[in-house]
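Biologist: Could you bring up the model, so that we can go through it together?
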Amino acid sequence: MDDKTPFMTRKKYERIALGKWGEALAADYLVDKGYTLLTTNFRTPDGEIDLVVQKDTELVFVEVKTRRNLKYGNPEEAVNDEKLDHLESAAGYFLLLHPEYENNWRLDVITVIGSPAEKKPQIDWFENVNG
């Protein structure tokens, strides 16, 4: 392995795996609520949108925050104004590609507390966080 090969620590790998698990749970949760999953991990120059879902004619951009426990605070606390600005910019990029949703969209946050080893993680849904 040379110096240019990316190296991922076990801790970083576990964090990424936990996040992917939380995103999959959130997607299943929304599908169970009647939403259609359009895409996951939509990358834009302004950042990534974890989930893009649709119900009827409304488009919903979803940020998912997953934590094993509350040691570092509630997961929704990680979605600050700066993060919301990036998410809204990323949503704007998606809307340029899909102008049919331009006037009918919102931004939600879903938090997951737990881990794959636990039977029932806590899932909370914060709707329309972009006001």
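Biologist: What follows α1, and what is special about its phi?
Modeller: Gly34 follows α1, and its phi is positive, near 100°; helices here are DSSP runs of H or I with at least four residues, strands are runs of E with at least two, and both are numbered from the N terminus. This is a predicted model, in which local features need pLDDT of at least 70 and side-chain atom pairs count only at pLDDT 80 or more, while totals for chains, interfaces and linings use all residues. Residues are numbered from 1 along each chain as its sequence is written, and side-chain values use heavy atoms, leaving out hydrogens and water.
Biologist: Which residues of α1 are buried?
Modeller: Leu18, Trp21, Gly22, Glu23, Ala26, Ala27 and Leu30 are buried, where buried means under 20% relative accessible area, exposed over 50% and partly exposed in between, with a 1.4 Å probe and protein chains only.
Biologist: And Tyr13, buried or exposed?
Modeller: Tyr13, which is found in helix α1, counts as exposed because its relative accessibility is 54%.
Biologist: Switching to rings, how many aromatic pairs are there?
Modeller: A search of the whole structure finds 6, where rings of Phe, Tyr and Trp (its six-membered ring) pair if their centres lie within 6.5 Å, and planes under 30 degrees apart count as stacked, over 60 as edge-to-face and the rest as tilted. One of them is Tyr29 with Trp125, whose centres are 5.9 Å apart and whose planes lie at 85°, so the pair is edge-to-face.
Biologist: What does that pair tie together?
Modeller: Tyr29 lies in helix α1 and Trp125 in strand β5, so the pair ties together parts that are 96 residues apart in sequence.
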